[in-house]
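Colleague: Please take a close look at one helix of this structure with me, and then follow its surroundings outwards, explaining each term as it comes up.

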Amino acid sequence: MTHQKLRERVCRVNRSLGRSGLVLLTWGNVSGVDRASGVFAIKPSGVPYDELRPEAVVVVELDSGDTVDAAGRPSSDAPTHRALYLSFPEVGGIVHTHSEFATAWAQAAQPIPCLGTTHADGFAGRIPITRNLRATEIEDAYEWHTGMVVAEYFDDHEIDPGATPGVLLPHHGPFTWGVDPESALEHAVVLEAVARMAWYSRVLAPGGPEAPECLARKHFARKHGPNAYYGQK
Ligand SMILES: [Zn+2]
C-alpha cells in the first residue's frame with residue numbers, strides 16, 4: 001500500500017470517529033498499519049476531525065518511531081499505538097477514545113464484566129483493565145509504557161488480543177484494535193455500548209451475576225473463529 005492510500009484510509013476512519021459520538025473535541029485518534037512497508041499512519045495532534053485531510057495524516061516508521069512522511073506532529077499517543085503494533089503482530093488498526101461509559105469504568109478501575117450476549121458477541125470475556133503505570137513509567141516515555149503495560153497484561157494473563165480486541169487503562173480510558181482501522185473503530189463503538197449497558201445493569205442489580213460462561217462462549221463462537229455461522233457467507 002502506498003503512503004497516500006494508507007493516509008486516505010486513516011483519514012476516512014478518523015473522520016468517522018469524529019461522527020461516531022464517541023469523542024468530544026479531539027479526544028481520540030485512529031491509526032492503521034502497513035506491515036509490508038513497515039509504517040503506520042495516525043491522526044495529527046490537535047486537528048479537528050472534520051478539517052482532517054489525508055495530506056495531514058502522519059506516517060511513522062514502525063521500527064524507529066520516527067515520522068517519515070509528515071507535514072505536522074503525530075498524535076501524542078503515537079508511541080502507544082507503536083508499542084501495540086509491535087506487541088500484537090496481527091493488529092492492523094487501533095482506536096483510542098475517552099468515550100464516556102468506557103472511561104467511567106476505567107476511572108472506577110474496574111474491568112467491564114460480561115453481563116450479556118451483546119458483550120459476548122464482540123469480546124470473549126471481560127474487557128480487562130491493566131495495572132497502573134509506575135511513577136518512573138509515567139515520567140519517562142509515558143505513552144510508550146502505556147502500550148507496553150497493555151502487552152504485559154495480555155501476555156501475563158494469556159489473553160488473545162484477537163478475541164479481546166480492547167482494554168481499559170486505569171484512570172484513563174479505552175484502546176481498541178482490529179484487523180484494520182475500520183474494525184478497530186467498530187470495536188470502540190461496541191465497547192462503549194457494552195460499557196453503558198453494564199453500568200445500567202449494575203445499577204439495577206449491584207453485584208449481579210456475570211453471563212453464564214457457556215452462553216457467553218456460544219455467542220462469541222457464533223461470530224468469530226473457525227465455526228462462526230453469523231451473517232452471510
Ligand atoms: Zn487518552
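Modeller: A residue is called buried if 20 or more other C-beta atoms lie within 10 Å of its own, exposed if 12 or fewer do, and partly exposed in between, the C-beta atoms being placed from the backbone. Helices (H or I, at least four residues) and strands (E, at least two) are DSSP runs, numbered from the N terminus. What you see is a predicted model, in which local features need pLDDT of at least 70 and side-chain atom pairs count only at pLDDT 80 or more, while totals for chains, interfaces and linings use all residues. Residue numbers start from 1 along each chain, as its sequence is written.

The helix I suggest is α2, which spans residues 78-87 and is mostly covered, with eight of its ten residues buried. The buried residues of α2 are A78, P79, T80, H81, R82, A83, L84 and Y85. Their cover includes the strands β1, β2, β3, β5 and β7 together with helix α6, where contact between two residues means that their C-beta atoms, placed from the backbone, lie within 7 Å.

Let us begin with the helical neighbour. Helix α6 (residues 142-156) packs against α2 at an angle of about 30 degrees, and the two axes are 6 Å apart. Such axes are lines fitted to C-alpha atoms, for helices over the stretch in contact, and the angles run from 0 to 180 degrees between N-to-C directions. The crossing of α2 and α6 is right-handed, a term for a near helix turned clockwise from the far one by less than a right angle, whereas an anticlockwise turn would be left-handed. On the side of α2 the contact is made by P79, T80, R82, A83, L84 and S87, and on the side of α6 by E143, W144, T146, G147, M148, V150 and A151. Sorted by class, this contact has seven nonpolar, four polar and two charged residues, if Ala, Val, Leu, Ile, Met, Phe, Trp, Tyr, Cys and Pro count as nonpolar, Asp, Glu, Lys and Arg as charged, and the others, Gly among them, as polar.

The strands that help to cover α2 lead us to the sheet. It is an open sheet of seven strands in the order β4-β3-β2-β1-β5-β7-β6, with antiparallel pairing, and two strands are said to pair if DSSP finds at least two bridges between them. At its edges stand β4 (67-69) and β6 (166-169), each with a single partner strand, so one side of each has no neighbour in the sheet. On average, and with direction ignored, neighbouring strands are turned by 25 degrees against each other.

Within this sheet, strand β1 (residues 28-34) has six of its seven residues buried, so the rest of the structure largely encloses it. Strand β1 pairs with β5 (residues 93-97) in the antiparallel sense over five bridges, with G32 standing opposite G93. Four bridges, again antiparallel, link β1 to β2 (residues 39-42), and here D34 faces V39. The strands β1 and β2 form a hairpin with four residues between them, and G38 in that turn has a positive phi of about 70 degrees.

At the other end of the order, β6 is joined to β7 (residues 173-178) by four antiparallel bridges, and L168 stands opposite P174. The loop between β6 and β7 holds H171, which has a positive phi near 60 degrees although it is a residue other than glycine. H171 is partly exposed, because it has 13 other C-beta atoms within 10 Å.

Two further helices lie across the sheet. Helix α3 (residues 100-107) lies across β6 and β7, running at about 120 degrees to β7, while α7 lies across β1, β5, β6 and β7 at about 140 degrees to β7. The axes of α7 (residues 181-204) and α1 (residues 3-19) come within 10 Å and cross at roughly 15 degrees. These two helices are therefore roughly parallel, a description used for angles under 35 degrees, with those over 145 counted as roughly antiparallel, 65 to 115 as roughly perpendicular and the rest as oblique. Their contact is made by R9, V10, V13, S16 and L17 of α1 with P181, E182 and L185 of α7.
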